[in-house]
Amino acid sequence: MSDLELTKLRGVIFYKVLEDLHAHLYNKGDYSLPFSSILEMDDDVPTTTAVSFSVNISQPFSRRTRLLKGEVGAYGLGDGSYRRSVINGGSYDGHGDEGVLHPDGVAADGYTLSAKANGGDGTMKESRIVSRQIPPWLSSANPDEFLEAVKKSDDPLHVKYFWTLVECLCKLGKFSAAGAIICQRLRPTIQEIITSKIKDHAELVKLSKTGIDQTANSPTATLQYLKGQLETLQLTKQKRQNGISITGALLAVSPVTPVMAPMGAAQTAARELLDSILETVVKIFENHVIVGELLESKASQQAEINTPKSLVPDVSWNPESEGSQVTGGYSIGFSLTVLQSECQQLICEVLRATPEAASADAAVQTARLASKTPSKEKRDGSEDGLTFAFRFTDATISIPNQGVQGWSKKGPNMLKEGYGSAAVLPEQGIYLAAAVYRPVVQFTDKVASMLPQKYSQLGNDGLLAFVENFVKDHFLPTMFVDYRKSIQQAISSPAAFRPRAHAAAAYTPYVGKGRPVLQGLLAVDLLAKEVLGWAHAMPKFASELVKYVQTFLERAYERCRTSYMEAVLEKQCYMLVGRHDVESLMRLDPASACLPNSLAQPNVRTSDSNGDAVEVETQMSDLLLSLRPIKQENLIRDDNKLILLASLSDSLEYVADSIERLGKLFSTEHVQAEDYGIKQKTPRRSETNSLPSKDLASFADEYRKLAIDCLKVLRIEMQLETVLHMQEMTSREYVDDLDAEEPDDFIISLTAQITRRDEEIAPFVEGIKRSYVFGGICGIAACASVKALADMKSINLFGVQQICRNSIALEQALAAIPSIDSEAVQMRLDRVRTYYELLNMPFEALLAFVTEHENLFTAAEYGVLLKVHVPGREIPADAQARMSEILSR
């Protein structure tokens, strides 16, 4: 055979080998491993070991190579095994640590078989047994060192095939040409694979929709669909009758559509798409790591042969070195750079993000920036190592948030060329950064586990750095502006703090069933939950997002405080609530046990015994009665303001409870994330976060304290209203000639006001808090009635009957309030009736009553009975002394 024919034959063989190598690099060859499941757990890290030709190679190996490193010759292969493991005790493919599996049962082809082994958890785990026989493509080869090494190796067939192809290139002397062609074809091939994956994904989505449509056309499905639509319509009508629906409130205020919400369909679709594509890229890069290390080891061997040992060049980084010239510029770093740059372009398309400085020749730029040569003392993975270069622009470039060529949320200027992801995603935009983040973190972890030590810096400066910078510089500021605007609109609209006109007839604790939470606070709560949903999707930025929520809660709190002050400013009830003595008595009042607990006063002690409760009630009554005369202008005469205070209190408590639950959940997730990071062999820097110094529970406490202030103001206001009406007793003469059939006008006015206000407040406050608001009326009315006798000069039988009639009318009005303790009301007002009926007793009978019930009234109250003039009753001159003698015993 002539030299020309031999050259042609070598060329034909070269291109045949190169095509086969290309096909296997992208898992399209005859011996390629089939793709495993698209979705893997977050901590499932493939630890497939790559071959290593380790003749005096000083460079550190990758994790997969270190597992197999052993004694090898010029063509020596690592004496190890291929493993694909699951960290959390999963199954192992290949040879485990407990022993070597021998090919006792070889399959029909004589090379591989699958066996079932019982795992420790009782489940069946599949183990791959790889034979040490000669692979089929080497069955006719002449025995040599390479053949013996392949035969002795336990590595899987696809790895052995890579060794064979690289060995062929070595025999042909075509390292440089092969490497150059691989470099040239890398980017177009990846683009084609990604585009194909997206098209396949779109077909699956289309087929699934078609299947749903076909199922929906069946009679049974049609009936179920109609039933569901009817139930939805009824629920919608119910929500509209009781108030605004949660979905409607969120749609009205959220800056994103339901599809783009943290749990929306677009987020799910984008996450699934990226999981699928990045998983494919990881498997391709796995092959590039194997081939890259093979080529580098061959280059190192050739350099050792052709160069004195003392002059062996370092080929680990410098593309201009002799070893890199042999590989045609191809390296693991180059392949990773191109793969990540294409993934970045896809992410830009998903986010509708247009970098400001697009490169005209992306491939040239990538190759140039990926070939930076660090100093030897910086090859240990420091931050000054190899810098990753994106297809468009470097990850560290800061780009304006707005503008035609900047990062745009709506993306008016999309690239003319794209991958077609719009066919799969319901929507695209900057808010899909949350869906992009976690798949990229998982991708980075898997890539980092494959990289040799000298390329470790690539795992830190790659795709994850771009996504994190994008989130930090563009996504978070955009989100803050959008949600701040939504919060401002929600709390500043005219209807934000307007109690609902069509509230439910009875109070319900569930918003979906009509709990009349103020629309402004309901919107704040929904937006806060939505922002924390973004924080859950991006743990590293959770601290920043929680600060956003705190800022929004502060704005909403100030608006609530303003609304509260507008209702109570310059009113006597507000001034009293702020007094220390009044606040102390209200804390000791047993009725305050129904108030929400405050973090500032978690162990507020109330009076438990009946005697202490009566004493607290008496002191509060004396304090309020000492303020007489009460003027109407100092009270809240507008019932709408009282309704607002009631609704504001319930709404504030609703938001406080919601914030507190979210804060506990968020703190729990943070602790679990920290524990999980400690358990990891390599903690993820991207998953670490820190909570702000002021947690959400503090904001919940502020909201709850303002809710309590609203209830206190309402209680004091109703007590002052009672004092305002009851103070008319002191100016009225109860010496009547006829028995009146109706209570006094001020009692009628008071009872009508109690009934009206209870009906107005009832839909906005739960029963136990209604009891707190109106529960102070009975005590103050009873105390005022008893003390009024001291200001009367005379009273007759008809006057006593009139006062008893007043107490009965008041008792009936208060007993009509469902949440009030009617027995306690009756006991207090029976005491009033008993006190005035003592005026109808002769003096001796009165002394006998005092002897038997000396503790029922105080000595001063018994003394007043003797001082007031009752027509027809004779009081001896020593009556006061005899009364004092009985009470002093």
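Student: Where is Pro629 found in the chain?

Tutor: Pro629 is in the loop between α19 (610-625) and α20 (639-679). Keep in mind that we are looking at a predicted model. The peptide bond from Arg628 to Pro629 is cis, with omega near 5°. Most peptide bonds are trans.

Student: What makes phi of Asn27 worth pointing out?

Tutor: Its value is near 60°, which is positive, and Asn27 is not a glycine. Most residues other than glycine have a negative phi. You'll find Asn27 in the loop between α1 (3-25) and α2 (63-66).

Student: Why is Asn27 called buried?

Tutor: Set the value against the cut-off: buried means under 20% relative accessible area. Asn27 has 15%, so it counts as buried.

Student: What about Arg352, and how do you know whether it is buried or exposed?

Tutor: Neither word fits Arg352, because its relative accessible area is 28% and the range between 20% and 50% is called partly exposed. Arg352 also has a positive phi, about 55°, without being a glycine. It sits in the loop between α10 and α11 (362-370).

Student: What is the phi of Glu570, just after α16?

Tutor: Glu570 takes a positive phi there, about 65°. As for α16 itself, this helix covers residues 542-568.

Student: How do you know that the reach of α16 is close to what is expected?

Tutor: Compare two numbers: the helix has 27 residues and reaches 38 Å from its first C-alpha to its last, against 39 Å expected at 1.5 Å a residue. One residue in α16 is Lys547.

Student: Why is Lys547 called partly exposed?

Tutor: Its relative accessibility is 39%, and that lies between the 20% and 50% cut-offs, so partly exposed is the right label. The C-alpha atoms of Lys547 and Leu696 are 9.3 Å apart, although 149 residues separate the two along the chain.

Student: What makes α14 a helix that is largely enclosed?

Tutor: Count its buried residues: 21 of the 30 are buried, so the rest of the structure largely encloses α14. The helix spans residues 463-492 and reaches 41 Å, close to the 44 Å expected.

Student: Where does α14 bend, and by how much?

Tutor: The bend is at Val471, and it is about 40°.

Student: How do you know that Val338 is buried?

Tutor: Its relative accessible area is 2%, and the cut-off is under 20%, so Val338 counts as buried. Val338 lies in helix α10 (residues 332-351). Arg187 is 151 residues away from it in sequence, yet the two C-alpha atoms are 6.4 Å apart in space.

Student: How many aromatic pairs does the structure hold?

Tutor: There are 14. Let's take one of them, Tyr835 with Phe857.

Student: Why is the pair of Tyr835 and Phe857 called tilted?

Tutor: Their ring centres are 4.9 Å apart, which is within the 6.5 Å limit for a pair, and their planes are at 50°. That angle is neither under 30 degrees nor over 60, so the pair is tilted. This pair links distant parts of the chain: Tyr835 is in helix α26 (residues 822-837), while Phe857 is in the loop between α27 (843-852) and α28 (859-867), 22 residues apart.

Student: What makes Tyr835 and Phe857 count as buried?

Tutor: Buried means under 20%. Tyr835 has 1% relative accessibility, so it counts as buried. Phe857 has 3%, so it does too.

Student: And why is the pair of Phe857 and Tyr862 called edge-to-face?

Tutor: The planes are at 85°, and edge-to-face means over 60 degrees, so the label follows. The centres are 5.6 Å apart. Phe857 and Tyr862 are both buried.

Student: Which residues form one aromatic cluster?

Tutor: Tyr835, Tyr836, Phe857 and Tyr862.

Student: How do you know that the charged end of Arg715 sits over the ring of Tyr772?

Tutor: It lies 4.7 Å from the ring centre, and the distance limit is 6 Å. The charged end of Lys174 sits over the ring of Phe14 at 5.6 Å from its centre. The label also has an angle limit, within 35 degrees of the ring normal.

Student: How many helices and strands does the chain have, and what share of its residues is buried?

Tutor: The chain has 29 helices and 2 strands, and 51% of its 889 residues count as buried.

Key
Residues are numbered from 1 along each chain as its sequence is written. This is a predicted model: local features need pLDDT of at least 70, side-chain atom pairs count only at pLDDT 80 or more; totals for chains, interfaces and linings use all residues. Side-chain values use heavy atoms; hydrogens and water are left out. Helices (H or I, at least four residues) and strands (E, at least two) are DSSP runs, numbered from the N terminus. Buried means under 20% relative accessible area, exposed over 50%, partly exposed in between (1.4 Å probe, protein chains only). Rings of Phe, Tyr and Trp (its six-membered ring) pair if their centres lie within 6.5 Å; planes under 30 degrees apart count as stacked, over 60 as edge-to-face and the rest as tilted. The expected span of a helix is 1.5 Å times one less than its number of residues. The bend at a residue is the angle between axes fitted to the seven residues ending there and the seven starting there.
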